[in-house]
Amino acid sequence: MLVRQAENVLSILEFFAARKAPATVAEVMAHFDWPRSSTFNIVSTLAEKGYLYEPRTRGAYYPTPRWLAMAQAVSEAEPLPDALLRAIDRLGDETGETVWIAGASGLSVVVLAVRESPQLVRYAAQTGTRLPIHVTGSGQALLARMPEAERDALLRRVRYVKYNRTTPMDADTVRAQIAEAEARGWFMSASAYSSDLGGVALPVRIGGRVFAVTAAGPEPRVLPRMPEIGAMIRAALVEECGEAALEAPVTA
């Protein structure tokens, strides 16, 4: 369940990130169609706490560097492995598609870092994007590295909604797709969540943390190249992270 006040604060930050210019309370209010009193209260609170300031007169506000300082402090406490960042830099060039690192968060996959494709028609992934964990190649790659009991418990909690034409609609189908992917050597999705989008993913374990590295793009372009892209991802991860990082843990 979303907490409306928290959602509104984050929406204001996203508003300024897109606007890239100061805005008055009236402009924020008009953009979101919020009541003036609640808009003023949120903006005033953020200004009082040092997250907004007035770079010019007439009450136009803009985020302060405090947001960046806080984000850097959080990131530095548990940074993404340099090896993975090198791998997606390399894979962006090699595949020509959008490549990202993702991690598991409950019933979702969260995008943690992105290297966007330079092609005009591409998948526009964004850091912080959340996707259903059971549907995507990224999510199934992460599920594959969970202990079986944890994975089964998670799959019992999933709401099996039909997002698209190839969405798996029950836990047994997800388990079968994971087994097929393990045998094949890479995970995939093709219009399972987003229409006409194809992706290839592999899981990787570094320092006790499990990530998925995914390359995705328009289905007609990616689908014929899936084995090739899967091989590219594996080669980059082996070279940057070591072969042991790709091995499934022994459970017996």
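**Exercise 1. The lining of the largest cavity**

Find which element gives the most residues to the lining of the largest cavity in this predicted model.

*Solution.* Start with the space itself: the structure holds one cavity of 30 Å³ or more, and about 150 Å³ of space lies in the largest cavity. Next, look at who surrounds it. There are 17 lining residues, and those closest to the centre are Trp100, Thr136, Gly137, Ser189 and Leu197. Now sort by element: helix H6 (137–144), strand E8 (197–206) and strand E9 (209–218) each give two or more residues to this lining. E8 gives the most, with three residues. Finally, check the chemistry: the lining has eight nonpolar residues, nine polar ones and no charged ones.

**Exercise 2. The largest pocket**

Work out which element gives the most residues to the lining of the largest pocket, and what classes of residue that lining holds.

*Solution.* The volume of the largest pocket is about 630 Å³. Its lining is made of 21 residues, with Leu10, Leu13, Glu14, Ala17 and Thr127 nearest the centre. Two or more residues come from each of H1, strand E3 (60–63), helix H4 (66–77) and strand E5 (108–115). H1 gives the most, with five residues. By class, you should find 13 nonpolar, five polar and three charged residues.

**Exercise 3. One residue of H1**

Decide whether Asn8 is buried or exposed, and list what it touches.

*Solution.* First place the residue: Asn8 sits in helix H1, which covers residues 4–19. Its relative accessible area is 12%. The cut-off for buried is under 20%, so Asn8 counts as buried. Leaving out residues up to four places away in sequence, Asn8 touches Trp34 and Ile42.

**Exercise 4. Helix H10, its length and its buried side**

Compare the expected span of H10 with the distance between its end C-alpha atoms, then locate its buried residues.

*Solution.* H10 runs over residues 226–241, which makes 16 residues. At 1.5 Å a residue, the helix should span 22 Å, and its end C-alpha atoms are 22 Å apart, so the two values agree.

Now for burial. The buried residues of H10 are Met226, Ile229, Gly230, Met232, Ile233, Ala236 and Leu237. These cover an arc of only 160° around the axis, so they lie on the same side of H10. The spacing fits a simple rule: an α-helix has 3.6 residues a turn, so residues three or four places apart point the same way.

What do the buried residues of H10 pack against? Their partners are helix H5 (82–95), strand E7 (187–190), E8, E9 and helix H9 (219–222). To finish, look just past the helix: Gly242 follows H10, and its phi is positive, near 95°.

Key:
Residues numbered from 1 in each chain as written. Predicted model: local features only at pLDDT ≥ 70, side-chain atom pairs only at ≥ 80, totals over all residues. Heavy atoms only, no water. 1 Å grid on protein atoms, 1.4 Å probe; cavity = no way out; pocket = protein on both sides within 12 Å on 5 of 7 lines; lining within 4 Å. Points joined across faces, edges and corners; volume = space filled by probe spheres on them. Helix = DSSP H or I, 4+ residues; strand = E, 2+ residues; numbered from the N terminus. Nonpolar A, V, L, I, M, F, W, Y, C, P; charged D, E, K, R; others polar. Expected span 1.5 Å × (residues − 1). Buried < 20%, exposed > 50% of the residue type's maximum accessible area, 1.4 Å probe, protein only. Arc of directions from axis to C-beta. Contact = heavy atoms within 4.5 Å.
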